[in-house]
Amino acid sequence: MDILIISLAPVFIIGGYIWFRDKYEREPLRVLIYSLLVGALIVIPVVFVEGLLSQPAEYFDDIPAAAWKAFVVAGFTEEIFKYMALFLLFWKSREFNDKFDGIVYATFISLGFAGIENILYVFSEGYATGLVRAFTAVPAHTVFGITMGFYFGIARFYPKKRKYMLFMAFFLPFLLHGIYDFILMTGIDWLWIVFLIFLLFLYFLGLKRLKNLSDLSYFNTDYQLLNQKFTSNDQNT
C-alpha cells in the first residue's frame, strides 16, 4: 500500500493542480478519470513496442545507443501513443469546447501513463526511486502533456493553423522527452547539472503554457482582448 501511495501521490497532486487551473469551465470528473485510465492502458502497447525497438540499440556504441533509446524507444513510442489516444478519443468530443481542454486531456493521459510507469519503477527499485521520480519523471511527463495539449487546443480552434499545430503537438513533446531521457541515459556525471537546468526549464515551460491558454479561455471574460493580442503576436513571428 505504501508503494502505491508513493507512486500515485504525485499523479493526483499534479492532476488536482491542473484541475484547479482549469478555472473558467472545468471538465467533468468522469472525463478526467477516463483520461487517466486511457493513459494507464496505453502502457500495454508501449511496453510491447519499446521491447521491439530496443533491440537495435545492442549494436550501437554508448552515446548512439543512449540517443536511440531516448528519442526512438522512449520519446517517440510513448508520445505517439499518447498523441493517438488524445486525437482519437477527444478531437471530436462534445466536451472539447475550449482550448484549455486540450491541456487537460493530454495532461491527464500523460499522468495516467506516468502513474503506471511509476508503480513499475517503485516496485522494482524501492521508495527512494519513487521520491526522486515525484520531482522529476512525473512532472516531466506532465510538461510533455501540457505541451501536447497546448498545441492540440490551438489546432482545434484555429483551423488556419491546424496542420502546423497538430504537428507541433507531437513533435515538441517527443523532442523534450528525448532530450530528458538522453541526458539521463548517457551516464555522464557532469550532465546532471544540465539535467537540473533542463528540469527547471520544463517547470517554467509548463507553467507558462498553462497561463497562456488559461488566459485565452473562451470562458474568460477578458478573452476577446487577450485573443486579439495573441493572434497579432502569432502573425508577427
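## Exercises on a predicted model

Helix α4 (residues 62–90) is the biggest contributor to the nonpolar patch, giving four residues. Keep in mind as you work that this is a predicted model.

**Exercise 1. Find which residues form the nonpolar patch on the surface, and classify L89 as buried, partly exposed or exposed.**

*Solution.*
- Step 1: The patch consists of Y34, M84, F87, L88 and L89, with about 470 Å² of accessible area together.
- Step 2: Place L89 in the fold: this residue lies in helix α4.
- Step 3: The relative accessible area of L89 is 35%. Partly exposed covers the range between 20% and 50%, so L89 is partly exposed.

**Exercise 2. Work out whether the end-to-end distance of helix α7 agrees or disagrees with the expected span.**

*Solution.*
- Step 1: Helix α7 runs over residues 137–157, which makes 21 residues.
- Step 2: The expected span is 1.5 Å times one less than the number of residues, and for α7 that gives 30 Å.
- Step 3: The end C-alpha atoms of α7 are 31 Å apart, so the two values agree.
- Step 4: Now look at the cover: 20 of the 21 residues of α7 are buried.

**Exercise 3. Search the whole structure for salt bridges and say where the partners of each one lie.**

*Solution.*
- Step 1: The search gives three salt bridges.
- Step 2: Start with E95 and R30, whose closest N and O atoms are 2.6 Å apart. E95 sits in the loop between α4 and α5, while R30 belongs to helix α2 (residues 29–41), so this pair ties together parts 65 residues apart in sequence. E95 is partly exposed at 23% relative accessibility, and R30 is exposed at 55%.
- Step 3: Next take E79 and K82, with 3.1 Å between their closest N and O atoms. These two are three residues apart in helix α4, so about one helical turn separates them. An α-helix has 3.6 residues a turn, so residues three or four places apart point the same way. E79 is buried, with a relative accessible area of 0%, and K82 is buried too, at 1%.
- Step 4: Finish with R133 and E117, which meet at 2.9 Å, N to O. R133 is in helix α6 (residues 127–135) and E117 in helix α5, 16 residues apart, and the pair links distant parts of the chain. Both R133 and E117 are buried.

**Exercise 4. Decide whether S110 is buried or exposed, and find which residues S110 touches.**

*Solution.*
- Step 1: S110 lies in helix α5 (residues 99–125).
- Step 2: Its relative accessible area is 1%, so S110 is buried.
- Step 3: Leaving out residues up to four places away in sequence, S110 touches K82, H141 and G145.
- Step 4: K82 also takes part in the salt bridge with E79.

Key
Residues numbered from 1 in each chain as written. Predicted model: local features only at pLDDT ≥ 70, side-chain atom pairs only at ≥ 80, totals over all residues. Heavy atoms only, no water. Buried < 20%, exposed > 50% of the residue type's maximum accessible area, 1.4 Å probe, protein only. Patch = residues over 30% accessible without salt bridge, like charges linked within 9 Å, V, L, I, M, F, W, Y side chains within 5 Å. Areas by Shrake-Rupley, 256 points an atom, 1.4 Å probe, with all protein chains shown as cover. Salt bridge = Lys/Arg side-chain N within 4 Å of Asp/Glu carboxyl O. Contact = heavy atoms within 4.5 Å.
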